[in-house]
Amino acid sequence: KSMKIETLAQTHMQGPVAVNGSGKPLTKIELEGVKEELEAIKVEFRLKEPTRSFMDDPNTKWRFGGPPDYSLVNLYYLKQRSKNHPEDSLEKVVENLVKTWEMERSHKIDYKEHNSVD
């Protein structure tokens, strides 16, 4: 059985940008606005989005039919974070590992496809 969703822009709830009780997914126009704001923040403050590895295998079995789009999550993460770890630091490696693990646990159906931990 396949779930019909408008975007893969978020994790399980697929909710709107502003909390309004509607429970509706982001529209394509709202998602484009999120992506534009995310790019502007990255340029202005010289920030990088977290790296979520192991999302590019075309044979992956995804919970919602395709790999998630983390644009909205990354936007709020970059806006609200309190630390910006140096690129090659242990803290940055751990940050990306945790982001990858969360993505795999939340979105990959087959646990054998989880590559972030053995």
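This is a short tour of a predicted model, to be followed in a viewer.

**Whole chain.** Start with everything selected and shown as a cartoon. The protein has 3 helices and 0 strands, and from the N terminus on the order of its elements is α-α-α. Of the 118 residues in the protein, 36% are buried.

Now turn on the contacts. Among those with a separation of 6 or more, 62% are between residues 24 or more positions apart.

Next, switch to a surface view. The protein exposes about 8100 Å², and 56% of this area comes from carbon and sulfur atoms.

**Helix α3.** Select residues 90-107, which form helix α3. Two residues of this helix are the next stops: N96 and V98.

**N96.** Is N96 buried or exposed? Its relative accessible area is 15%, so N96 is buried, the cut-off for that being under 20%. Keep N96 selected and show what surrounds it. Apart from its neighbours within four places in sequence, N96 is in contact with P50 and T51. Select P50 and T51 as well to see these contacts with N96.

**V98.** Go on to V98, also in helix α3. V98 has a relative accessible area of 48% and is therefore partly exposed, since exposed would require over 50%.

**The patch.** Which residues make a nonpolar surface patch with V98? Add L90, V93 and V94 to the selection: together with V98 they make a nonpolar patch of about 370 Å² on the surface. Colour these residues and return to the surface view to end the tour.

Terms used:
Residues are numbered from 1 along each chain as its sequence is written. This is a predicted model: local features need pLDDT of at least 70, side-chain atom pairs count only at pLDDT 80 or more; totals for chains, interfaces and linings use all residues. Side-chain values use heavy atoms; hydrogens and water are left out. Patches are made of residues with over 30% relative accessible area and no salt bridge: like charges are joined within 9 Å, nonpolar side chains (Val, Leu, Ile, Met, Phe, Trp, Tyr) within 5 Å. Accessible areas come from the Shrake-Rupley method with a 1.4 Å probe; for residues, only the protein chains shown count as cover. A salt bridge is a side-chain nitrogen of Lys or Arg within 4 Å of a carboxyl oxygen of Asp or Glu. Helices (H or I, at least four residues) and strands (E, at least two) are DSSP runs, numbered from the N terminus. Buried means under 20% relative accessible area, exposed over 50%, partly exposed in between (1.4 Å probe, protein chains only). Contact means heavy atoms within 4.5 Å.
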